[in-house]
Amino acid sequence: MLFYFVSAPEHKWDRQPDAVLGIAASILLGCMMLLTFADVVARYLLNWPIRGGFEITELLLLVLIFAGLPLVSHADEHVTMDFIDRLLPARLVIPWMRVMHAICAAIMFFLAWQVWIKAGRVYGDTTQVLEIIAGPFVYFMSVMLAVTALVHSFKVFAPVAPRGPIGTT
């Protein structure tokens with residue numbers, strides 16, 4: 001039995017955003033590691049924790065996760081369960097995948113809309129220690145959810161290429 005997956009085009013314009021966003025994600029992750037290391041050293045050796053270190057780590061993690069969401073969806077690297085795919089005849093696998101992408105797109109558009117509404121409500125709210133305004137981060141979440149929805153919308157109509165069998169992830 002063959003499984004069909006949306007294949008990512010091998011164009012230069014397609015690889016550049018992945019590289020740029022991959023580097024940005026690496027920088028964010030590196031900053032989180034350095035901040036955590038410095039906070040632990042300062043807290044336990046100097047008895048002087050970094051003020052707001054936990055808040056900064058939380059916000060960096062938020063940006064890292066939501067910035068990576070469209071990339072993961074574009075590369076089809078998200079967790080999937082293919083037990084239904086195994087039961088379908090080969091001719092129905094591609095339509096099934098298109099339907100699943102359409103459902104994912106609809107869910108992501110709905111979430112983007114709801115998070116956008118929430119961002120308007122919490123715009124003036126701040127973090128407790130550093131008083132960083134939360135609104136821009138919530139708007140960022142909404143935009144990244146919308147971009148992810150667009151990725152799944154594109155995959156509804158994108159050409160698919162057969163690949164070999166894979167294990168359940």
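Here is a chat about how the terms used for this predicted model are decided.

User: What kind of model is this, and what do its values rest on?

Analyst: It's a predicted model, where local features need pLDDT of at least 70, side-chain atom pairs count only at pLDDT 80 or more, and totals for chains, interfaces and linings use all residues. Residues are numbered from 1 along each chain as its sequence is written, while side-chain values use heavy atoms and leave out hydrogens and water.

User: How many helices and strands are there in the chain, and how do you know?

Analyst: There are 5 helices and 2 strands. They're DSSP runs numbered from the N terminus: H or I for helices, at least four residues, and E for strands, at least two. Read from the N terminus on, the order is β-α-α-α-α-α-β.

User: Why are helix 4 and helix 5 called roughly antiparallel?

Analyst: Start with the angle: helix 4 (residues 90-122) and helix 5 (residues 135-157) pack at about 165 degrees, and their axes are 8 Å apart. Axes are lines fitted to C-alpha atoms, for helices over the stretch in contact, and angles between N-to-C directions run from 0 to 180 degrees. Under 35 degrees counts as roughly parallel, over 145 as roughly antiparallel, 65 to 115 as roughly perpendicular, and the rest as oblique. At about 165 degrees, helix 4 and helix 5 are therefore roughly antiparallel.

User: What is the handedness of the crossing where helix 4 passes helix 5?

Analyst: That crossing is left-handed. The rule is that the near helix is turned anticlockwise from the far one by less than a right angle; clockwise would make a crossing right-handed. As for the residues of this contact, 21 are nonpolar, 7 polar and 3 charged. Here nonpolar takes in Ala, Val, Leu, Ile, Met, Phe, Trp, Tyr, Cys and Pro, charged takes in Asp, Glu, Lys and Arg, and the others, Gly among them, go down as polar.

User: What makes helix 2 and helix 5 roughly parallel?

Analyst: Their axes cross at roughly 10 degrees and come within 8 Å. That angle falls under the parallel cut-off, so helix 2 and helix 5 are roughly parallel to each other. On the helix 2 side, the contact residues include Leu59, Leu62, Val63 and Phe66, and on the helix 5 side they include Phe137, Phe140, Met141 and Met144. Sorted by kind, the residues of this contact are 14 nonpolar, 4 polar and 1 charged.

User: Why is Val63 called buried?

Analyst: Val63 has a relative accessible area of 19%, so it counts as buried. Buried means under 20% relative accessible area, exposed means over 50%, and partly exposed is in between (1.4 Å probe, protein chains only). Val63 lies in helix 2, and apart from neighbours within four places in sequence, Val63 is in contact with Leu28, Phe137 and Phe140. Contact means heavy atoms within 4.5 Å. The C-alpha atoms of Val63 and Ala25 are 8.8 Å apart, with their positions 38 residues apart along the chain.

User: Where does Gly52 lie, and is Gly52 buried or exposed?

Analyst: Gly52 lies in the loop between helix 1 and helix 2. With a relative accessible area of 10%, Gly52 is buried. Setting aside neighbours within four places in sequence, Gly52 is in contact with Val129 and Leu130. Gly52 and Thr127 are 75 residues apart in sequence, yet 9.0 Å apart in space, C-alpha to C-alpha.

User: What makes Trp48 exposed?

Analyst: Its relative accessibility is 65%, which puts Trp48 in the exposed group. Trp48 is in the loop between helix 1 (12-45) and helix 2 (53-74). Asn47 lies in the loop between helix 1 and helix 2 too, and at 68% Asn47 is exposed. Asn47 also has a positive phi, near 55 degrees, in a residue other than glycine.

User: Why is Asp76 called partly exposed?

Analyst: Asp76 has a relative accessible area of 22%, and therefore it goes in the middle group. Its place is in the loop between helix 2 and helix 3 (83-87). Phi is positive here as well, at about 55 degrees, although Asp76 is not a glycine.

User: And Asp39, buried or exposed?

Analyst: Buried, at 12%. Asp39 lies in helix 1 and, leaving aside neighbours within four places, is in contact with Pro49 and Ile50.
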